[in-house]
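Colleague: Hi! Could you walk me through this one while we look at it together?

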Amino acid sequence: MKSASAAALVLVDPSQFPAQVERDLLAALRRRQANHKFHYDSVKQAQKWLRVHEAFSPARRDDEGARLYATAGAALAESWQVNAVQVVGLGCGGGRKDVALIRELARRGRSVGYVPLDVSLPLTLVAREAALAELPPERIQPVVCDVAVCGDLNGLLAPLRPAGAARCYTFFGMVPNFEPGACLPSLAGLLEASDRLLVSANLAPGDDYASGVARVLPQYDNAPTRDWLLTWLEDLGVETRRDGGLRFQVEAAPGGSPLRRIAAYFDFHKSQTLRVAGETFIFQPGESFRLFFSYRHTPELLRGQLAGVGLRVEASWILPSGEEGVFLCRPVPTPRRPGP
Ligand SMILES: C[S@@+](CC[C@H](N)C(=O)[O-])C[C@H]1O[C@@H](n2cnc3c(N)ncnc32)[C@H](O)[C@@H]1O
């Protein structure tokens with residue numbers, strides 16, 4: 001199916017227009033907390049992240065990992081009796097997981113379309129390229145959008161739904177990078193009764209949650225991930241080798257949530273002044289800047305979060321290592337009010 005790589009029309013939501021991205025950048029610098037989206041912005045960062053993902057993602061480690069998303073896609077295709085499906089990959093990254101799903105749907109006779117959606121223009125284009133192995137270009141509509149900032153995701157996506165098509169939204173690898181409760185409510189609001197949602201998350205392996213989270217720390221605290229995360233600070237003008245050091249730690253979620261996460265902080269050892277968009281930011285020795293966090297869930301913790309926003313998990317597939325799982329969700333039907 002792969003056709004010569006022609007020009008791509010990309011839809012860009014105002015949530016990723018330069019003025020908004022600059023506001024988000026200033027907010028991050030004031031808070032001393034990076035927004036995850038900044039780590040995927042440029043071609044350089046996107047390529048570095050793709051390599052980190054290839055080296056450390058449980059889904060890329062072995063054959064079982066590679067099969068996880070195809071297995072989930074095949075099961076969905078067997079159980080979901082619709083003719084036409086549009087897959088909307090929210091935070092699509094390089095698109096490999098979405099494409100595994102698309103392949104299984106297409107193999108079972110579904111007419112499939114794809115909306116790879118991401119904050120990162122380079123990654124939406126990488127995902128589009130990957131999908132060209134399965135779909136003609138006119139069935140793929142890349143969208144650049146920040147799902148956390150976009151005021152009306154429904155309004156943005158509604159005109160892209162082909163007449164009569166059901167939607168399968170994917171939210172792969174995204175839940176870990178948002179504070180609990182930050183994104184799932186608006187995600188649940190996207191689903192019509194005939195739609196489906198596939199969510200995946202990195203999990204804490206083993207029976208003991210806290211030690212399971214600690215065990216996966218080396219998947220984050222390693223040279224390629226350090227290099228990827230520091231790129232953002234370096235591109236802002238911080239000399240990361242001279243001015244401080246990167247520290248990874250396991251920590252509890254704020255606000256009393258039972259979740260734990262792996263977080264990365266840049267600790268300033270020397271004072272540093274940055275001028276960004278006319279504003280001056282002074283970092284003193286001893287100050288820390290949070291660059292990244294990734295929540296690790298258990299299947300039960302994730303189910304609980306999904307149930308909290310009215311989503312029922314109908315099926316799930318967990319890697320034998322216990323490190324990654326895919327969850328098929330549907331909206332819990334709301335009881336019809338009796339008529340007058
Ligand atoms: C951990 S990666 C997951 C990528 C892919 N879904 C996968 O599982 O391989 C997170 C992706 O979400 C994107 N992203 C981060 N914040 C986002 C936001 N606020 N809105 C949309 N995409 C976002 C990043 O650019 C990146 O591609």
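Colleague: Let's start simple: how many disulfides are there in the whole structure?

Modeller: A search of the whole structure turns up 0 disulfides. Keep in mind that this is a predicted model.

Colleague: Why is there no disulfide at cysteine 92?

Modeller: The closest cysteine sulfur belongs to cysteine 145, and because it is 11 Å from the sulfur of cysteine 92, that is too far for a bond. For a disulfide, the two sulfurs would have to be within 2.5 Å.

Colleague: And what about cysteine 168, where is its nearest cysteine sulfur?

Modeller: That would be the sulfur of cysteine 329, 9.8 Å away, and cysteine 168 is in no disulfide either.

Colleague: Are those two, cysteine 92 and cysteine 168, buried or exposed?

Modeller: Cysteine 92 counts as buried, at 10% relative accessibility. Cysteine 168 is buried too, with a relative accessible area of 0%.

Colleague: Okay, new topic. Which domains does the chain have?

Modeller: The domain assignment gives domain 1 (11-206 + 298-331) and domain 2 (209-295). Notice that domain 1 is written as two stretches of the chain.

Colleague: How many residues of each domain are in contact with the other?

Modeller: On the domain 1 side there are 34 residues, and they are in contact with 37 residues of domain 2. The area buried between the domains is about 3,300 Å², with carbon and sulfur atoms giving 62% of that.

Colleague: Which three residues of domain 1 supply more of that area than any other three?

Modeller: Leu29, Arg32 and His39, which supply 21% of the area that domain 1 buries against domain 2. As for the domain centres, taken from the C-alpha atoms, they lie 25 Å apart.

Colleague: Let's talk about the inside. What is in the largest nonpolar core?

Modeller: The largest nonpolar core has 44 residues. Those with the most contacts inside it are Leu29, Trp232, Val276, Phe289 and Leu291. Both domains take part, since the core draws at least three residues from each of domain 1 and domain 2.

Colleague: Why would residues like that collect together?

Modeller: As a general tendency, nonpolar side chains in soluble globular proteins tend to be buried together.

Colleague: Leu29 came up twice there. What does leucine 29 touch?

Modeller: Not counting residues up to four places away in sequence, leucine 29 touches Trp232, Leu236, Val276, Phe281, Phe283 and Phe289. There is also a second, separate core of 32 residues, which includes Phe171, Leu184, Leu203 and Leu302.

Colleague: You mentioned Arg32 as well. Where is arginine 32?

Modeller: Arginine 32 sits in the loop between H1 and H2, and at 19% relative accessibility it counts as buried. The cut-off for buried is under 20%. Arginine 32 also has a positive phi of about 65°, although it is not a glycine.

Colleague: Why point that out?

Modeller: Because most residues other than glycine have a negative phi. Alanine 277 is another one to look at, with a positive phi of about 50°. You'll find alanine 277 in the loop between strand S9 (272-276) and strand S10 (279-283), and it is partly exposed, with a relative accessible area of 46%.

Colleague: Nice. Now, glutamate 251: buried or exposed?

Modeller: Buried, with a relative accessible area of 11%. Glutamate 251 is in strand S7 (residues 244-252).

Colleague: Which side chains does its side chain make polar contacts with?

Modeller: One is the side chain of glutamine 249, at 2.8 Å. Another is the side chain of tyrosine 265, at 2.9 Å.

Colleague: One last residue. What is lysine 44 in contact with, leaving aside its neighbours within four places in sequence?

Modeller: Lysine 44 is in contact with Thr231 and Asp235. Lysine 44 and threonine 231 are 187 residues apart along the chain, yet their C-alpha atoms are separated by 8.6 Å. In terms of the fold, lysine 44 is found in helix H2 (residues 43-56), and it is partly exposed, with a relative accessible area of 42%.

Colleague: Great, thanks for the tour!

Definitions and conventions:
Residues are numbered from 1 along each chain as its sequence is written. This is a predicted model: local features need pLDDT of at least 70, side-chain atom pairs count only at pLDDT 80 or more; totals for chains, interfaces and linings use all residues. Side-chain values use heavy atoms; hydrogens and water are left out. A nonpolar core is a set of buried Ala, Val, Leu, Ile, Met, Phe, Trp, Tyr and Cys residues joined through side-chain atoms within 4.5 Å. Buried means under 20% relative accessible area, exposed over 50%, partly exposed in between (1.4 Å probe, protein chains only). Domain bounds come from an automatic or database domain assignment. Contact means heavy atoms within 4.5 Å. Buried area is the accessible area (1.4 Å probe) that two parts lose on being put together, summed over both. Helices (H or I, at least four residues) and strands (E, at least two) are DSSP runs, numbered from the N terminus. A polar contact is a pair of N or O atoms within 3.5 Å; within protein, one must be able to donate a hydrogen and the other to accept it, and residues adjacent in sequence count only if both atoms are side-chain atoms.
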